[in-house]
Amino acid sequence: MAGQAGQERRTDDPVGPGPLAGIKVVELGSMYAAPTAGRMLRDFGADVVKIEDPASGDFARQWQPAHNGLAIGYSRLNSGKRSVGIDMRSPEGREVAKALIADADVVIENFRPGRMEAWGLGFKELSAEHPRLVMTRVSGFGQTGPYSARPGFGTVAETASGYAFLNGWPDTPPTAPPFGFADSIAGISAAFGTSMALFKREMTGQGSEVDVALYEPLMFILGDAVLNYTSSGTIMQRHGNASGAASPRGIYEAADGGWLSIAASNQSIALRLFEAMGRPDLKDDERFATNTARMANNEAMQQIVIDWVSSYPRDEALAILDEHEVVAAAVNDAQDVTQDPHFRERTLVELANTVLGPALMPGPILHLDDYTGPRYDGVAAIGEHTREVLVDQLGMDADEVGRLAAAGVLSN
């Protein structure tokens, strides 16, 4: 069963629709970042219509891993969106897309800069006819600047931003993450920018162009690297599991082979950790009494924590740390996450009615007190909603839609 239009409600749900209910989004996005933005908006009530190539669809449908022929990553980002198959390389297809955009509040696109303009679908062209339109654009290096014409994927953003240089251990090469980190951060940022533009529109009546480069949100979350260099000349280096800012902090192996993290990132937590370890004497040891001293003697500080954690099974160590209100957690794998009662109650949602079987995935990234979130009911096939959207919603002639479908411009 495919996802349905708009905000789906549980029959026993006591609260109203999401805050973006009534907002129509056309997603001209593929792969990861732009579809992430589309999912963020859909999660809070927007009706997202995804335009896909009528033959091949979003390339993410071909990603691995897949289960029973359905790409897991595509399913996570696109459940609940409606799929319309349009060949954007065709002039007739672009005219259909224009008609769909004319009925929308938001367009999300992630083509290389200049492509939408070449198709006559740039922001200036569209906003001249639809001044309330919000157009959110996600690209590798942004719509402006010397690198704007370059293609970009998450891996490039992760290296160009400075992230990969700081990720890893001092004696290992720079390391990119094994998942779509830059794309996800950019997609969330694009949804944030879209929401701001919609808010501005409510105040002024005027739409906006939102320009998101894959690397910029990631460069922001690197923290102090750029400011540190430009103010002090220091190039921050890889520290492994340490932060380079506070001690003790890290990931430690327990006696039973389990792993846990400890973050004594402020003074009071560090002092509580000393109590938890049965080492109150460390509070008065000049090597460890302050964060500055601990950072200067970090190797010795870390060894004390390593030795203490390794003397207890993980659950027992975590119980002691919890009793003393030390910030700590187990290092979870996916099985741990799905079995954890906290995550099952608050964070995980069911992806229903797909060949993936009874499956769980992370739900909306934040919670509102008057909205419980959407349901994730199926994943649309390529162009599954073409006729529904074009004929039933837009009022296009059914015979004309059939002709275009026969010509390969649209999906059947």
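What volume does the second largest pocket have? About 610 Å³, where a pocket is an open set of 1 Å grid points that a 1.4 Å probe fits, with protein on both sides within 12 Å along at least five of seven lines, and the volume is the space filled by probe spheres set on the points.

Before you click around: this is a predicted model, where local features need pLDDT of at least 70 and side-chain atom pairs count only at pLDDT 80 or more, while totals for chains, interfaces and linings use all residues. Number residues from 1 along each chain, and expect side-chain values to use heavy atoms, without hydrogens or water.

Stay with that pocket and select Leu166, Gly240, Ala242, Ser243 and Arg249, the closest to its centre of 21 lining residues (an atom within 4 Å of a point).

Next, jump to the largest pocket, at about 770 Å³. Pick Gly29, Ser30, Met31, Asn110 and Phe111, the closest to its centre among 32 lining residues. Colour strands S2 (47–52) and S7 (134–139) too (DSSP E runs of at least two residues); each gives two or more residues to the lining.

Now for the largest nonpolar core: 33 buried residues (under 20% relative accessible area), joined through side-chain atoms within 4.5 Å. Show helix H8 (181–204), a DSSP H or I run of at least four residues; H8 gives the most to this core, seven residues. Then zoom to Ala46, which, leaving aside neighbours within four places in sequence, is in contact (heavy atoms within 4.5 Å) with Leu20, Ile23, Val25 and Leu41.

Last stop: another core, apart from that one, has 29 residues, including Val26, Ile51, Met135 and Leu404.

Note on methods. Buried means under 20% relative accessible area, exposed over 50%, partly exposed in between (1.4 Å probe, protein chains only).
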